[in-house]
Amino acid sequence: MLAFAGPTLAASAAAAQSAGARTRLDLTPPVLQMLHQMQDQAVQLLVQTDPDRAAARVSDLLESVHQVGLARLPDLARAARVRAVDRARNEDFDLANQALAAAELLDPERPANSFAAASVSRLEGRYLASWGWTLRGFVRTFRWPFGRYLLLEGALLWFLWVLLVAAGLFVAVQMATKGGALVKDLAARLGGRLPAAVAFALSLVLLLWPLALPSGFAWLILYWSILLWGYGSASERVVLICAWLLLGAVPVLLAQQRQRLDVALSQPAMALGSLEGGELYGDLFNDLGLLRELLPESVAVRQLVADVHRRLGQWDLARANYQAVVKEEPGNSAVLIDLGAYYFFRRDYAQAIEQFKAAAEVDPGSAVAQYDLSQAYRESYRFEEADLADQRARGIDQQRVESWVQGSERVVAVGGGILRAGEIRRELAARLRATSSATREGTLDRFAPIALALGPLILAVVLHSLRRRRGYTEAPLDLKLGSRAGHRWLRVFLPGFPSAEVGDGGRGFFALLAPLVLASIPFASRLGYRIPWGYEPGPGAGWIVALVGLAAYFAARYRWDLAHEV
Amino acid sequence: MSVEGNLDLFQLPEILQLIAQQQKTGILTVQGQEDIVAISFLSGKIVAADALNQSAEEGLKEVLVSTGLLTATDFARAAAEQLASGQRLLDLLVERRYLSRPRLLEALRVQTRQLLEKLLDWREGDFKFYTGDEVSYEEGFVPIRVDELLLHAGETKRKPGEERSPAPVRRLVVPSPAAGAGPQAPRSPQPGSAAPLAFEPPPPAARPPEPPRGAVVVPFPKLESSIPGIRQMTLEPSAVPNPLRHAGRTLGALLALGLLATLLIGPGRIFEPFTRMGVRAPGDLERRALFLKIDRAAKTFFLLEGRFPERLSALRDLGLLSRPDAFDGEGRPLSFTAGEKTYELRSQAEGGTVEGISRNFLLDPEFLTLRSNDSPAPLVLLD
């Protein structure tokens, strides 16, 4: 996917593609033929209305994908889910459920399957089952690595947002309770020389001038927090300090998240994740080619590409890459074993034995090396040595050797490339950092967090030390001790306000934070990173949680107010 | 002279309303079975109340601690300091900065109101009202209006969810000598007048109140000693005038509304100011995640229909996208233009993408054609 301007990995990838680079992974005619066959099977599946034939097509597709060492077809599963809901809308629930079953076979345990099942159940009128599926979908999200990853990164962003807005609301409540006193003091300072009305107007101008700045709203909150510092209690000042520290921490946290996500959302990382999860998606070969283009010197990438070629049955391409890896890493036992497997299948048993022996020497605890060595000896009619190697393999891991024997595996390949996914991600991140540092402008971003955290504190303390001699006007306790009928409801529905009147900073902040968290739940998808579910869960669950939570919260506030009425 | 009677004849709300209506100044004492309470009125408004059996400190402590203005420990420490110094507790609390004077006065007002609300429950007892020209009360105390007291008492007694009912009082009807009406004729209050209660002859101003036979009356000196240092002062308005309070509240409310509006308009805008400081906001990453989601949805559409959708809403109808997916994190709408084999997705903020079916082996037949750089022939495995 092409993306945005800026020093991102995706931009580098885009540049590589636009420069006409050879991005697609090399594919041999038999592999292309197999993919073509899968394309046909996919079309047949999508147009199929006969359930038996559709089931047969699903089996064919899964067999094909297993041949290349993978297990999932997420693109086709998405299409099957859409078909399922479409058929349910036409009240053909049998076909709908069969399509859902196909989606579950093509991409098992994905949350989107559950969300689609929830839609079908709802269309069937089975509302309880629908809610059950929705709930199951959210549980499944935590077992889906990419979804879970985006969800947690989005949760961090959402959490920062909630804290920032709660801090802003805290300042707003401080202004609502103590703003009158602040305006009075400002007007009094100006009133000596000016008429009262002019002094009042000028006070408002002095309070609102940050709105004229770019991003003025944010500056206004920061400015007010500094002005109101002197009027706050000790606990309110602690909350303000925490808010300023948060302001300083946000850019650092965002920068760290950017580094992680810039990699995670890049096509090469997507391909890596798919290989780890056994997914064959439409762009996989292109994205793998892109990975090779981006990290041409990476030994780990070369080993991964070699493994993919081996899985596809492109042994010659695999061997070239394995040999390049061995040249760089002579002690890489996984590659030695895989290279030995290549010679084994070429019936070059002498070469195979040499590679397997080298692997066993490098990694004496490798049951695979010993097992493969025994197989190569056996094919060379060196039965005594074969038996010895077999005994050594069984001595290391009897159970696995038995499983290979029972599975009639002539030689076992290791596929160590995918095990180096973490290393490849680190290399991608390093590539990104190199690109970013090359294009970084100025040094302000390095000092911005410190300035954001300490600047307001220093300004507030200086202002307070200048102002304290003149004293501060006391803010009234209108709401906390209000006795009129409406006061109770205001205490209940204006969280943080009564606490601000008596100067209870901690309670005031959390009184604002709790309803904000609940109210933001339905908007959580817009606050974090959008998860490509493959079928949307719908907004209902979020709204229900938010509304029930808010009702419970305000009911609790009402009861608390009754219990503590003065 | 004084007005006296018992609560069987007139209930307390009626008596209080009468005093308020006639804007009397003086002290009302109410003697019940367990306590005696004295209420000071200034021009018909309550400015102090004191009970014989509950010290002012106890009541004040209850209010200060329950409102969070002072902890029980701090109050105990202040009380100990007061015992040691012999200073008035109210002065000591302010002087030693346990709390500010406006806060203390507001707490004292609540304490007075609570005491009076308890008193309103009394159904038996005797009352006596001593009129006078002046009464003593705490400096700066904001007087409590009788109707405010009765309304709040009604609200407090009403259970949650219960319909609001009028304050449980009957209006006392007193004769108007001037009109010569009968005892049931209503009488309008005369603002500023010093008219006496209608059923008593006007008391001589200089004459001190006399206790009735058989009644226990708390004399003024006793009241003053029970709230130490009470002195006569003029009423003061609150520290912050109402227009300025409203100004502060309006500013706070506007800021809060602005913050909450970002939730609806575009939550991601909260992070925009960071971009101005050289810190890159997560907006572009959000867009990348969103574009990835739309790309997968659009390609699924192509898989099903053999073409890209004309609008993003078509993907939403299929359940592949949700309604907010047509907008980026800052709330700006995305533009989507479909071609034959490609589509263009663009954000108003920055950047965009042109995507197509090429490079996708499931969608693009040409992907599966042999290229010059592809390997000519695979290894044939005999096994």
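This section describes the nonpolar cores, two helices and their surroundings, and two loop residues in a predicted model.

The largest nonpolar core comprises 126 residues, and those with the most contacts inside it are Ala84(A), Ala116(A) and Ile337(A). Helix 10 of chain B (residues 283-305) supplies the largest share of this core, with 11 residues. A second core, separate from the largest, contains 66 residues, among them Ala166(A), Phe200(A), Leu240(A) and Trp244(A). In soluble globular proteins, nonpolar side chains tend to be buried together. When neighbours within four places in sequence are set aside, the contacts of Ala116(A) are Arg81(A), Ala84(A), Val85(A), Leu100(A), Ala103(A) and Tyr535(A).

In chain A, helix 8 (residues 145-191) packs against helix 10 (residues 216-228) at an angle of about 50°, and their axes are 10 Å apart. Angles from 35 to 65 degrees fall in the oblique class, and helix 8 and helix 10 of chain A are therefore oblique to each other. Their crossing is left-handed. On the side of helix 8 of chain A, the residues that meet helix 10 are Gly168(A), Val171(A), Gln174(A), Met175(A), Lys178(A) and Leu182(A). Their counterparts in helix 10 of chain A are Ile221(A), Trp224(A), Ser225(A), Leu227(A) and Leu228(A). An α-helix has 3.6 residues a turn, so residues three or four places apart point the same way.

Helix 5 of chain B (residues 101-119) has 19 residues and spans 27 Å from its first C-alpha to its last, close to the 27 Å expected at 1.5 Å a residue. Of these 19 residues, 15 are buried, so helix 5 of chain B is largely enclosed by the rest of the structure. Thr112(B) lies in this helix. The residue is buried, because 27 other C-beta atoms lie within 10 Å and the cut-off is 20 or more. Outside the residues up to four places away in sequence, Thr112(B) touches Ile46(B), Ala48(B), Ala49(B) and Ile144(B). The C-alpha atoms of Thr112(B) and Asp50(B) are 7.7 Å apart, although 62 residues separate the two in sequence.

Positive phi values occur at two loop residues that are not glycine. Glu109(A), with phi near 65°, is found in the loop between helix 5 (93-106) and helix 6 (111-124) of chain A. Glu109(A) is exposed, with 11 other C-beta atoms within 10 Å. Arg97(B) has a phi of about 60° and lies in the loop between helix 4 (89-95) and helix 5 of chain B. Arg97(B) also counts as exposed, with 7 C-beta neighbours inside 10 Å.

Technical notes. Residues numbered from 1 in each chain as written. Chains lettered and ligands numbered in written order. Predicted model: local features only at pLDDT ≥ 70, side-chain atom pairs only at ≥ 80, totals over all residues. Core = buried A, V, L, I, M, F, W, Y, C linked by C-beta atoms within 7 Å. Buried ≥ 20, exposed ≤ 12 C-beta atoms within 10 Å, placed from the backbone. Helix = DSSP H or I, 4+ residues; strand = E, 2+ residues; numbered from the N terminus. Contact = placed C-beta atoms within 7 Å. Expected span 1.5 Å × (residues − 1). Axes fitted to C-alpha atoms, helices over the stretch in contact; angles between N-to-C directions. Parallel < 35°, antiparallel > 145°, perpendicular 65-115°, else oblique. Left-handed = near helix turned anticlockwise from the far one by under 90°.
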